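Q: I have a structure open and I would like to learn how to read it, one feature at a time. Could you take me through it?

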Amino acid sequence: LVLFVIILLPFDNDKTLVSSNLQTDSFKMPADLLNPTPELELKTHKLKRLVQSPNSFFMDIKCPGCFQITTVFSHAQTVVLCGNCNSMLCQPTGGRARLTEGCSYRKKVD
């Protein structure tokens, strides 16, 4: 035994369907998930970003004494010394290396 149910919906004079009973309220998300802000993107975990990217980088550090430039990894795990005057440029921490006071740096471009 098969039952067919036919629902009749009212039509206007120009044969278009009237949706007076159907309400289509669009639900707005509190945040745009496909277009996150750059600040929000930096706060998220490196694997949970929209496009995965590492937190580490290489940088050029200028020695405050002799002004020689040395390339150092941002998360260096050993003490980095200047090759010219043997002054300490950065010391390791649990994450990023801490620069010595007076040292300036810039990120290396790919």
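A: Gladly! Let's begin with a single residue: F67 has a relative accessibility of 58%, so it counts as exposed, because the label exposed needs a value over 50%. Please keep in mind that this is a predicted model.

Q: Where does F67 sit in the chain?

A: F67 is found in the loop between β1 (58-62) and β2 (69-73).

Q: What is special about the phi of F67?

A: First the general idea: most residues other than glycine have a negative phi. In this case, F67 is not a glycine, yet its phi is positive, at about 60°.

Q: Which other residue has a positive phi without being a glycine?

A: N86 is one: its phi is near 60°. You will find N86 in the loop between β3 and β4.

Q: Is N86 buried or exposed?

A: N86 is exposed, since its relative accessible area is 59%.

Q: Let me step back to the whole chain. How many helices and strands are there in the protein?

A: The protein has one helix and six strands. Reading from the N terminus, the order is α-β-β-β-β-β-β, so you meet the helix before the strands.

Q: How do strands hold on to one another in general?

A: Strands of a sheet pair through backbone hydrogen bonds, and the pairing is either parallel or antiparallel. Here, β1 and β2 run antiparallel and are joined by five bridges. One of the facing pairs is D60, which stands opposite T71 in β2.

Q: What links β1 and β2 along the chain?

A: The two strands form a hairpin with six residues between them, and the F67 we started with is in the turn.

Q: Which strand besides β2 is joined to β1 by bridges?

A: That is β6, which runs antiparallel to β1 and is joined to it by four bridges. D60 takes part here too: its bridge partner in β6 is R106. So D60 has T71 as its opposite number in β2 and R106 as its partner in β6.

Q: What comes after β6 (104-107)?

A: K108 lies in the segment that follows β6. With a relative accessibility of 40%, K108 counts as partly exposed. Leaving out residues up to four places away in sequence, K108 touches F58, M59, D60 and T71.

Q: How far is K108 from V72?

A: Their C-alpha atoms are separated by 9.7 Å, while along the chain the two residues are 36 apart. For the protein as a whole, take the contacts with a separation of 6 or more: 26% of them are between residues 24 or more positions apart.

Q: Now the open sheet: in what order do its three strands lie?

A: The order is β3-β4-β5, and the pairing is antiparallel. β3 (80-81) and β5 (98-99) are the edge strands, as each pairs on one side only.

Q: How many bridges pair β3 with β4?

A: Two bridges, in the antiparallel sense; β4 covers residues 88-91. V80 has C90 as its bridge partner in β4, and L81 stands opposite M88. β3 and β4 form a hairpin with six residues between them, with N86 in the turn.

Q: And how does β4 connect to β5?

A: A hairpin joins β4 to β5 through six residues. These strands pair over two bridges, again in the antiparallel sense, and Q91 stands opposite R98 in β5.

Q: How can I look for empty space in a model?

A: Rolling a probe the size of a water molecule over the atoms shows where empty space is left. In this protein, the largest pocket has a volume of about 190 Å³.

Q: Which residues line the largest pocket?

A: The lining is made of L42, R49, S53, P54, N55, S56, F57, R96 and K107. By type, these residues divide into three nonpolar, three polar and three charged.

Q: One last thing: what share of the residues is buried?

A: Of the 110 residues in the protein, 15% are buried. The protein exposes about 9,800 Å², and carbon and sulfur atoms supply 57% of that area.

How values were computed. Residues numbered from 1 in each chain as written. Predicted model: local features only at pLDDT ≥ 70, side-chain atom pairs only at ≥ 80, totals over all residues. Heavy atoms only, no water. 1 Å grid on protein atoms, 1.4 Å probe; cavity = no way out; pocket = protein on both sides within 12 Å on 5 of 7 lines; lining within 4 Å. Points joined across faces, edges and corners; volume = space filled by probe spheres on them. Nonpolar A, V, L, I, M, F, W, Y, C, P; charged D, E, K, R; others polar. Buried < 20%, exposed > 50% of the residue type's maximum accessible area, 1.4 Å probe, protein only. Contact = heavy atoms within 4.5 Å. Areas by Shrake-Rupley, 256 points an atom, 1.4 Å probe, with all protein chains shown as cover. Pairing = 2+ DSSP bridges.
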